[in-house]
Amino acid sequence: MSVLVVGSVAFDTVRTPFGLATEVVGGSANYFAVAASFFTDVRLVAVVGEDFPDQHLEFLRGRGVDLRGLRRVPGKTFRWVGEYGFDFNEAKTLDTQLNVFADFTPIIPEDYQDSEVVFLANIDPDLQRDVLRQVRRPALVAADTMNYWIARKPDSLRRTLQLVDALIVNDAETRQLANEPNLVRAARTIQSWGPRILLIKRGEYGALLLAEGEWFAAAALPLDSVQDPTGAGDCFAGGAVGYLAKRMRFDTVSLRQAMIMGSVLASFNVEAFSLDRLRTLTMPEIEARFAVFKRLVHFEDLAAQPGASR
Ligand code: AMP
């Protein structure tokens, strides 16, 4: 099945306690597309400038990402500069240069209009609705957003949320969006506005799923080398939504597996700067880590252990 993703493709400059990466390829749709491409066909709608390297576009094509919706226009590609301290859950944005992204109006090619699954990466909620107006009846619409849009365009965002099946945001965004400090109540409030599925990312603490009135908690894998958390959220979304598109089932069993698949892809991505770890990643590695995640949280029933009830 096909996933359509609409969002940013960027040059990122990122400093973490482990190093500095200057003008490396990033962007939310880029991370999402690469992560999702392990599971399904991906169609990318984005804009880049004349300075964007063909080599990366070749890499995306090599992963089976359809780039007919990627426009290259005169000007410079979107640039983001960020920094992380020892707390990798919090990115500090030092600079954002929208460049060609400032005039981005997503045009969905006719061949993409039948996409079964749509992921609206973090863009203006008005544009997110524009995308949905151009597609025919996707089986699943998933979306991301960020504090910038929650603060500046709350009404537009609420209108977008009415059209979204699965919202993928972090815990701070969940609280801010619902204007509610309690995460459980905040999640239920957001559900009452539209999205019946909520995937709440909690950085190095894992992620939570709320669907069909039930919570599911995915742990994050304790890793001994985390280089750069940039794109972890988008890789989580790419792994989760890509996996759902492969199965084309959105029941709680599939959603729970998708939560782990998202966590697996994010865990690989943070091991290196930019998309570097995903460039060499293989399906057997993904499957092996999926099994590690299962073992991480598996425990026996009390009844399975003689004497445990004493
Ligand atoms: P994440 O770490 O998953 O939240 O996403 C990081 C990516 O988002 C980086 O590669 C940036 O290029 C991209 N990004 C940062 N700010 C914005 C923005 N305002 N709009 C769209 N993409 C952005």
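Begin by selecting Ile-197, and look across to strand β12, where Ala-211 stands opposite this residue. The model on your screen is a predicted one, so every feature on this tour belongs to that prediction. Now widen the selection to the whole of β11 (197–201) and to β12, which covers residues 207–211, and you will see two strands that pair in the antiparallel sense over 5 bridges. In general, the strands of a sheet pair through backbone hydrogen bonds, and they do this either parallel or antiparallel.

Next, show the full sheet to which this pair belongs. It is an open sheet of 9 strands, with mixed pairing, and if you colour the strands one by one you can follow the order β5-β4-β1-β8-β9-β10-β11-β12-β13. Which strands stand at the edges? They are β5 (65–72) and β13, and because each has a single partner strand, one side of each is left without a neighbour in the sheet. As you turn the view, keep in mind that neighbouring strands here are turned by 15 degrees against each other on average, with direction ignored.

Keep the sheet visible and add helix α6, residues 171–178, which packs on the sheet and touches β10 and β11, its direction making about 110 degrees with that of β10. Then add helix α7, residues 183–192, which packs with α6 at an angle of about 65 degrees, the two axes being 9 Å apart. The crossing of α6 and α7 is left-handed. To see where these helices meet, display the side chains of Asp-171, Thr-174, Arg-175, Leu-177 and Ala-178 in α6, together with those of Leu-183, Ala-186, Ala-187, Thr-189 and Ile-190 in α7. The residues of this contact divide into 6 nonpolar, 2 polar and 2 charged.

The following stop is an enclosed space. In general, rolling a probe the size of a water molecule over the atoms shows where empty space is left. The count comes to 1 cavity of 30 Å³ or more, and the largest cavity has a volume of about 50 Å³. Select Leu-140, Ala-166, Ile-168, Ile-197, Leu-199, Ala-240, Val-241, Leu-244 and Leu-255 to display its lining, in which you will find again Ile-197, one of the residues you selected at the start. The elements that give two or more residues to this lining are β10 (166–170), β11 and α8 (232–247), and the largest share, 3 residues, comes from α8. How does the lining divide by class? There are 9 nonpolar residues, no polar and no charged ones.

From the cavity, move to the second largest pocket, which has a volume of about 260 Å³. Its lining is made by Phe-216, Ala-217, Val-253, Arg-256, Gln-257, Ile-260, Phe-290, Phe-293, Lys-294, Val-297 and His-298. Two or more of these residues come from each of β13 (214–218), α9 (252–269) and α11 (283–297), so here you meet again β13, one of the edge strands of the 9-stranded sheet. By class, the pocket lining has 7 nonpolar, 2 polar and 2 charged residues.

Finish at another sheet, an open one in which 4 strands follow the order β3-β2-β6-β7 with mixed pairing. Its edge strands are β3 (19–26) and β7 (91–97), each of which pairs on one side only, and the twist averages 15 degrees from one strand to the next. For a last selection, take β2, residues 10–16, and β6, residues 78–84, which pair in the parallel sense over 6 bridges, and centre the view on Ala-10, whose bridge partner in β6 is Phe-78.

Definitions and conventions: Residues numbered from 1 in each chain as written. Predicted model: local features only at pLDDT ≥ 70, side-chain atom pairs only at ≥ 80, totals over all residues. Heavy atoms only, no water. 1 Å grid on protein atoms, 1.4 Å probe; cavity = no way out; pocket = protein on both sides within 12 Å on 5 of 7 lines; lining within 4 Å. Points joined across faces, edges and corners; volume = space filled by probe spheres on them. Nonpolar A, V, L, I, M, F, W, Y, C, P; charged D, E, K, R; others polar. Pairing = 2+ DSSP bridges. Axes fitted to C-alpha atoms, helices over the stretch in contact; angles between N-to-C directions. Contact = heavy atoms within 4.5 Å. Left-handed = near helix turned anticlockwise from the far one by under 90°.
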